[in-house]
Amino acid sequence: MATRTACIAANWKMYKTVGEAVEFVRKLREKIETFDDREVVIAPPFTSLYALKDLVKGAGISLAGQNCHWEEKGAFTGEISPVMLKDVGCSYTIVGHSERRQYFGENDEDINKKLKALIKVGIKPIFCIGEKLEEREAGKTFDVVKTQLDGGLKDLDSVDIAKMVVAYEPVWAIGTGKTASPEQAQEVHAFIREHLSMLTNKNVANEVRILYGGSVKPSNVDSLMSEPDIDGALVGGASLEVDSFLRIIRFEA
Ligand code: PEP
């Protein structure tokens, strides 16, 4: 059984000005301890990345983008490339978040190009997948997750897939206060790992971290993290306050 370093990642979405982001990280730095069994990642809006680049150094915190374009540069008004994200200190980038799929029409093909572009420059993707409520109710959860994995990972080899973090985020649990139960989440995480094993091999599948996302809070993180295939959390709302995020970072499994 591989030992996977846990990963607690904050997705700040379209919240926090530069000043607010800097204040948050200063406060977090004062309180956070050094961990050797878990990693902390913050994905602020693009505008704050540069201001946080030096502030996170030496604090055990990594930076992530929330999205990217797949081209290196070009006439793509409003877009940001993986090279640019690397330049401002990102070691991770979220790809395929359900809000990107829902409001900006991202599909598995776009996501596949973004994953490849990030890997090319050495940024680890946090690849989001997850079913909608009607899909769960129709018994299609595994089919949806499998299709998203197959589409997103098309033509990527085992070496590339080993560099990824997968985030299972049931859409019905994001920002709704409804969390998947630890058992519901574990069932899908185990399925994802099994499918990754078919796409690559058992060793790679055992290495890939699979995060759970969807209304993770201080009150439910411990039970979620106690499940064998839940290797971390992607946290939206509860990552916006220092004490709440810190309690999630300090999960006890
Ligand atoms: C998210 O945005 O990825 C997320 C899981 O949000 P929340 O924690 O607010 O449900």
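These are my notebook entries on the barrel, the cores and the cysteines of a predicted model.

**Entry 1, the sheet.** I started with the strands. I found a closed barrel of 8 strands, running 1-2-3-4-5-6-7-8 with parallel pairing. On average, neighbouring strands are turned by 25° against each other, direction ignored. Then I picked one pair to look at. Strand 1 (residues 6-11) and strand 2 (residues 38-43) run parallel and are joined by 6 bridges. In that pair, I saw A6 standing opposite R38.

**Entry 2, helices on the sheet.** Next I looked up what packs on the strands. Helix 2 (residues 46-53) touches strand 3 (61-65) and strand 4 (90-95), and its direction makes about 155° with that of strand 3. Helix 7 (residues 141-152) also packs on the sheet, touching strand 5 (124-129) and strand 6 (165-168). The direction of helix 7 makes about 150° with that of strand 5.

**Entry 3, the cores.** Which residues have the most contacts inside the largest nonpolar core? I got L28, I192 and L196, in a core of 66 residues. Leaving aside neighbours within four places in sequence, L28 is in contact with I42, I61, V242, F245, L246 and I249. Another core, of 13 residues, lies apart from the largest one, and A64, A167, L211 and L234 are among its members.

**Entry 4, cysteines.** I counted disulfides and got 0. For C7, the nearest cysteine sulfur is that of C128, 11 Å away. C7 itself is buried, with a relative accessible area of 0%. Why is C90 without a bond to C68? Their sulfurs are 9.8 Å apart, which is too far, because a disulfide needs them within 2.5 Å. C90 is buried too, at 4% relative accessible area.

Methods: Residues numbered from 1 in each chain as written. Predicted model: local features only at pLDDT ≥ 70, side-chain atom pairs only at ≥ 80, totals over all residues. Heavy atoms only, no water. Core = buried A, V, L, I, M, F, W, Y, C linked by side-chain atoms within 4.5 Å. Buried < 20%, exposed > 50% of the residue type's maximum accessible area, 1.4 Å probe, protein only. Contact = heavy atoms within 4.5 Å. Pairing = 2+ DSSP bridges. Helix = DSSP H or I, 4+ residues; strand = E, 2+ residues; numbered from the N terminus. Axes fitted to C-alpha atoms, helices over the stretch in contact; angles between N-to-C directions.
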